[in-house]
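Me: I should like to go through the charged side chains of this protein and the terms used for them. Please set each value against its definition.

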Amino acid sequence: MKRHIALIEDEPAIRENYRDAFERRGYRVSAYGDRKSAFQVLRTALPDLAIIDVGLGDESEGGFTLCQDLRQLSATVPIIFLTARDSDIDSVHGLRLGADDYVTKDMSLDHLLARVTALLRRADAWAEALKKPDEVLQRGKLTLNVDRMTADWQGQPVDLTVTEFWMLHALVQHPGHVRTRDQLMEAASTVLDDNTVTSHIKRIRRKFQQLDSAFDGIQTAYGMGYRWNAHEV
């Protein structure tokens, strides 16, 4: 069965260009030009992956709103933001809303397709993991249920996206060992630039700090990557 991609883009020429490219590679594509028509359909039948333009018609941040709506329906459906705006502020905001990736419209189709493939592969791995007995990883105050993809800090749930969960998992597997940005991307089965990886790590830290202001579990190894604080074990 063909994988289903939802494409939400308000510019007809760009929308059809992407639709044709994905269909030529064997995907089934549902394309929409605005947020309301897209959500009306997607809330009843989620796609395997969604590609969302940030600016949708008269809604300059309609894509952000749609992302939030989809995240309320599913914590795991892969979401990629597609935009003409190359802004760190937009990127960080999009990731905070739960997107898995953020790309600009000048990115090559081959590069975008590679990111789509990586995210779908990760979604498949997650679905397969659900069939196995739960694997639980305990690190001091932190508990990770690998199969349910849940995290608890001192018994309090930490609301992580799929990308954030696997990056955290890579860090806590071997406390004190540095994980490079490339290793964190590999662990999350995604393709990101360094700034986006950094944004994910900052967001993970912030979520723990909201539960525990003294949290110091994730340390930066400058010029190298990140490590899980061995003292938190």
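Reply: A salt bridge requires a side-chain nitrogen of Lys or Arg within 4 Å of a carboxyl oxygen of Asp or Glu. The model discussed here is predicted.

Me: What makes Lys207 and Glu164 a salt bridge?

Reply: Their side chains meet at 2.7 Å, N to O, and the limit is 4 Å, so the pair qualifies. Lys207 belongs to helix α8 (residues 194-211) and Glu164 to helix α6 (residues 162-173), so the bridge ties together parts that are 43 residues apart in sequence.

Me: Why is Glu164 called buried?

Reply: Its relative accessible area is 0%, and buried means under 20%, so the term applies to Glu164. Lys207, with 15%, is therefore buried as well.

Me: Why is Glu59 called partly exposed?

Reply: Glu59 has 29% relative accessibility. Partly exposed covers values between the limits of 20% and 50%, so Glu59 falls in that class. Its side chain forms a salt bridge with that of Arg35 (3.0 Å, N to O).

Me: Why is Arg179 said to have no salt bridge?

Reply: The nearest side chain of opposite charge, Glu186, is 9.0 Å away from Arg179. A salt bridge needs nitrogen and oxygen within 4 Å. Arg179, in strand β10 (residues 179-180), is buried nonetheless.

Me: How do you know that Glu186 is exposed?

Reply: The relative accessible area of Glu186 is 63%, and exposed means over 50%, so the term holds. Glu186 also helps to form a negative surface patch with Asp182, Asp193 and Asp194.

How values were computed: Residues numbered from 1 in each chain as written. Predicted model: local features only at pLDDT ≥ 70, side-chain atom pairs only at ≥ 80, totals over all residues. Heavy atoms only, no water. Patch = residues over 30% accessible without salt bridge, like charges linked within 9 Å, V, L, I, M, F, W, Y side chains within 5 Å. Areas by Shrake-Rupley, 256 points an atom, 1.4 Å probe, with all protein chains shown as cover. Lys, Arg positive; Asp, Glu negative; His and termini not counted. Charge placed at Lys NZ, Arg CZ, Asp CG, Glu CD. Buried < 20%, exposed > 50% of the residue type's maximum accessible area, 1.4 Å probe, protein only. Helix = DSSP H or I, 4+ residues; strand = E, 2+ residues; numbered from the N terminus.
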